[in-house]
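Me: I have a model open and want to learn how to read its cysteines and its cavities. Can you take me through them?

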Amino acid sequence: MHHFFVEPEQIENETVRIIGPDVNHGKNVLRMKPGEELLISDGTGQDYRCRVRSLETDCILADILELEEASRELPSRITLYQGLPKSDKMELIIQKAVELGASRIVPVVTKNTVVKLDAKKEESKRKRWQAIAESAAKQSKRSRIPEVSQVLSLKEALLEASGKDVGFFAYEHQEGMAGTGRELSKVGPGQEIAVFIGPEGGFEKDEVQAAKEAGIRPVSLGKRILRTETAGLTLLSVLMMKLEMEER
């Protein structure tokens, strides 16, 4: 079943009006036909099972069949603060983080960040990253499209995250999975959760200290050293499983 996102104002009198680039995609790429069923999300957490009524020149009209009751979102909001990696690794990280339930992804500049983005490059990258997030949200049938934030310094990111309920950062020098288990036991539905992952080279000692002072706790991800594109997805996977098992 194909999945589209619309604005709430595009839903009226049990009819959904799909507009913009999705019209061409639906008509000429997906080759949709009247009578075909599709999933439509309004970005506020509401999902509708619909049936295509007609394909017009500038819109696709669909009739609402039912409002889906079961939410596809995690019961907690997770923000991934990802140290900017080299090459196009950020694209993979965003795609998989969206699939695993992250509600927001924040690119972060740390001392070991190699990538340098000026204002023009950053805006171009962010548009690209946001498009990847939207595509991943459609593919994984998310009810909301996660936001890819503007790039923050680590200091800015820690200040923002200090107000969340729980925060972790993956640290390769942290010993003992028992400690990780104790930290993860603090996680539960309804929380705002921050996850910090360093770039290639990890966090420097003064950055680790700053994170601890902001209330962000170090956790080990095992005996092996994980790449930056693996570490965040590992921690998100564990959080996703824990939250969904505890959801009532």
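Me: Why is C59 not bonded to the closest cysteine sulfur, in C50?

Reply: A disulfide is a pair of cysteine sulfur atoms within 2.5 Å. The sulfur of C59 lies 14 Å from that of C50, which is too far for a bond. The count by this rule is 0 disulfides. C50 is likewise in no disulfide.

Me: What kind of model is this, and how are residues numbered?

Reply: It is a predicted model; local features need pLDDT of at least 70, side-chain atom pairs count only at pLDDT 80 or more, and totals for chains, interfaces and linings use all residues. Residues are numbered from 1 along each chain as its sequence is written, and side-chain values use heavy atoms, with hydrogens and water left out.

Me: Is C59 buried or exposed?

Reply: Buried means under 20% relative accessible area, exposed over 50%, partly exposed in between (1.4 Å probe, protein chains only). C59 has 2%, so it is buried. C50, at 0%, counts as buried too.

Me: How many cavities of 30 Å³ or more are there?

Reply: A cavity is a set of points on a 1 Å grid over the protein atoms alone, where a 1.4 Å probe fits but cannot get out. The structure has 1 of 30 Å³ or more. The largest cavity has a volume of about 40 Å³, taken as the space filled by probe spheres set on the points.

Me: Which residues line the largest cavity?

Reply: Lining residues have an atom within 4 Å of a point. Here they are L154, L158, F169, F196, F203, E207, V208 and A211.

Key. 1 Å grid on protein atoms, 1.4 Å probe; cavity = no way out; pocket = protein on both sides within 12 Å on 5 of 7 lines; lining within 4 Å.
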